[in-house]
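Colleague: I would like to learn how to read a model like this one, feature by feature. Could we start with the backbone and work inwards?

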Amino acid sequence: MERRASFVVPSVCIRIPDQLQLPATLFEPQKAMMTPRIRSGVDDLNMAPPEHQLTVLAMQLAVLEKAVSRLGTLAFIWATVVLLGGFAITLSCTDFWCITVLLLTEGARIQGRSHELEWQQRATCLSAVSQAVGHVLCLLQLLSASVCAAVSLVRLVTQRYGVDGGNPWTNRRAALDIFYGLALVESLLLLVEKALWQWRVGHHRLLERVAKECHLCGTARGVVAIRRFFYDSYSRGLNGSIFDGLHMNLVSYADEMLTAGSHDEQSLGVSILVALAESDRFADSTLRKIGMSASTIEQLIQMLSWKNTSEIGVRRSAAVVVSMLTGRKIIALRLTGIPGAIESVASLLYADVDELNLLGLTILSKLAHDHDNCDKIGKTRNLLDKIISYCCIAGKGQAAPTGMRLKAVKQALLVVKRLAGTTGATGKLLRRELSDIVFTVSNLREVLQQREGRIQSELHQLAIETLTSLAIDKEAREKIGGTGGVVRELVAIFLPGKDEARGNSRQMNAIRVKAGEALAMLALESGGNCGAIIMACGRGVERLVEALSDPVVIIGAARILRNLCTYVGDECQLPLRGVAAGATKGTFKPHIYICI
């Protein structure tokens, strides 16, 4: 108390221009800004999705196929019970062999049809051999239908059934007409089904068009996924009700493959989800449906930790979907409630693929919006050290930072900034742990030392805000001030030289304001930091006094000077004796005042 009483600084009022629009600072109360939510895509709930065209076609084909099967069954019963059972002795040799050929052909067609659908489904994910077998079976179907139609038509036209021979066999002609008629209609319906399939799928390339509308054409397995969806919809219509496949959609289909399918089916399912989630039109509805399925979210989290090199694409797709899901608060809370979720996300940071590293940091930066998630991130073993390692500009021995590296640094700084800005006991513990990491402050200093324009604009501001948040903790404040070059870089940004000041812009002014906040925080209750600031200003405070005339940084300069006058040590009191006199030299407009 005696030391401070011996150095009395008179109260000085500094008038600030009343019409000046200053950037918002850390110390000022902020007004809540209601930003309208703008949807990026169409995503009209009343609009039928593109895959609806496939389900409608599958239903039409299923109706024709079931009609063919029912007519085939009726013709088989009619031939065996009525003709061969009642008129076997009186049938002519020609009719007997025609009926036999038609029955054998129909039996072969039924067996071939069941195997054809099976091989067509296999062809979507197996080798070209499966596709060849499917084509052969399809050709056999067409040949069988053509033979049946030709034989039936010839017999109906010629009507050469032999002599009836009396009253007991007068119904033989009618029975043969009915059988040949059933066989002809069955064959024609089968040919119509094949023609419709070829016209829509082959000529109009419906599968490719739907894949393009669903943004699946750009992926390696996009058309394969659409083809498999179509075959499964058709199969459901055949095996159950014709309407079973009509209500299928790609998102629920991908969910089924993801949760209950094989390893290849899971890969196919996640490729569908990422394509729909990345499209403007289907993003909202896709993410909404995924967020309602806990099993799907759990499987996506599990995929993040797949380590096989052949699964990098699948891992990347799962990470993209998870990154989009974490942008929604409710889904993000549900995601972090899964045991091991943070550990799975952290595994992306250890991958040897830059894109996976960036996706992992992006997910963590979104999760760090929530207080509880920050606590979980801080408690995950070695995760804070790994995040800090990505705050280094020159990563992996690179001389110049690449674009991907700069993006990773930005996301890492966002994570650290949000962790350091956490409130309560959790925030205090996180700031302590972050400051205890050896490379935290040095990596932030390295960011501040960069002078490239693309780095200065965003990374400088993030690094400064991180330092400001860390400086809330007293011990961290001392470590920051004790790290050589940090205070000097902050002063250089806050009070740039004449050459650097010429290029001032709104962004650069905002960074200068943030640097002033960081310096004011570092000077709070720290005599050592106050001395470092005076030394960085050229062993005096003249530049800070001159900054009181700068409308951009006047508040920051005043706060720094106030803290210097209050907390500076005895050895640095002399340079402050001229503060009161220097602060009163400027000419200011009235109305707004700030007291030192």
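Colleague: Where is His215 placed?

Modeller: His215 sits in the loop between H6 and H7. Keep in mind that this is a predicted model.

Colleague: What should I look for in the backbone there?

Modeller: Look at the sign of phi. Most residues other than glycine have a negative phi. His215 is not a glycine, yet its phi is positive, about 60°. Arg205 is another case: its phi is near 50°, again positive in a residue other than glycine. Arg205 belongs to the loop between helix H5 (172-203) and H6.

Colleague: Are His215 and Arg205 buried or exposed?

Modeller: The class follows from the relative accessible area, and partly exposed covers the range between 20% and 50%. His215 has 42%, so it is partly exposed. Arg205 is partly exposed because its value is 46%.

Colleague: How do I describe the way two helices pack, say H6 and H7?

Modeller: Two packed helices are described by the angle between their axes and the distance between the axes. For H6 (residues 206-213) and H7 (residues 222-239), the angle is about 115° and the axes are 9 Å apart. Their crossing is right-handed. On the H6 side, the contact uses Leu207, Glu208, Val210 and Ala211; on the H7 side, Val223, Ile226, Arg227 and Phe230. Sorted by class, the contact has six nonpolar and two charged residues, and no polar ones.

Colleague: Which aromatic pair does Phe230 form with Tyr231, and how is it read?

Modeller: A pair of aromatic rings is described by the distance of the centres and the angle of the planes. The whole structure holds seven aromatic pairs. In the pair of Phe230 and Tyr231, the centres are 5.8 Å apart and the planes are at 45°, which is a tilted arrangement. Both residues are buried. Ring pairs also join Phe230 and Tyr231 with Trp197 and Tyr234 in a cluster.

Colleague: Which residues touch the most other members of the largest nonpolar core?

Modeller: Phe230 and Leu564 do, in a core of 135 residues. Helix H18 (residues 403-420) gives the most to this core, ten residues. There is also a second, separate core of 18 residues, with Phe87, Cys98, Leu103 and Tyr161 among its members.

Colleague: Take a single residue in a helix. What does Ser267 touch?

Modeller: Ser267 is part of helix H9 (residues 263-277). Leaving out residues up to four places away in sequence, it touches Arg221, Trp306 and Val314. Its relative accessibility is 7%, so Ser267 counts as buried.

Colleague: And a residue in a loop, such as Ile472: how far is it from Leu522 in sequence and in space?

Modeller: The two are 50 residues apart in sequence, while their C-alpha atoms are 8.4 Å apart. Ile472 lies in the loop between helix H22 (459-470) and helix H23 (474-482). Its contacts, again without residues up to four places away, are Arg431, Arg477 and Met521. Ile472 is partly exposed because its relative accessible area is 44%.

Colleague: How many helices and strands are there in the protein?

Modeller: The protein has 30 helices and two strands. Of its 596 residues, 49% count as buried. Among contacts between residues at least 6 apart in sequence, 72% join residues at least 24 apart.

Definitions and conventions:
Residues are numbered from 1 along each chain as its sequence is written. This is a predicted model: local features need pLDDT of at least 70, side-chain atom pairs count only at pLDDT 80 or more; totals for chains, interfaces and linings use all residues. Side-chain values use heavy atoms; hydrogens and water are left out. Axes are lines fitted to C-alpha atoms, for helices over the stretch in contact, and angles run from 0 to 180 degrees between N-to-C directions. Helices (H or I, at least four residues) and strands (E, at least two) are DSSP runs, numbered from the N terminus. A crossing is left-handed if the near helix is turned anticlockwise from the far one by less than a right angle, and right-handed if clockwise. Contact means heavy atoms within 4.5 Å. Ala, Val, Leu, Ile, Met, Phe, Trp, Tyr, Cys and Pro count as nonpolar, Asp, Glu, Lys and Arg as charged, and the others, Gly among them, as polar. A nonpolar core is a set of buried Ala, Val, Leu, Ile, Met, Phe, Trp, Tyr and Cys residues joined through side-chain atoms within 4.5 Å. Buried means under 20% relative accessible area, exposed over 50%, partly exposed in between (1.4 Å probe, protein chains only). Rings of Phe, Tyr and Trp (its six-membered ring) pair if their centres lie within 6.5 Å; planes under 30 degrees apart count as stacked, over 60 as edge-to-face and the rest as tilted.
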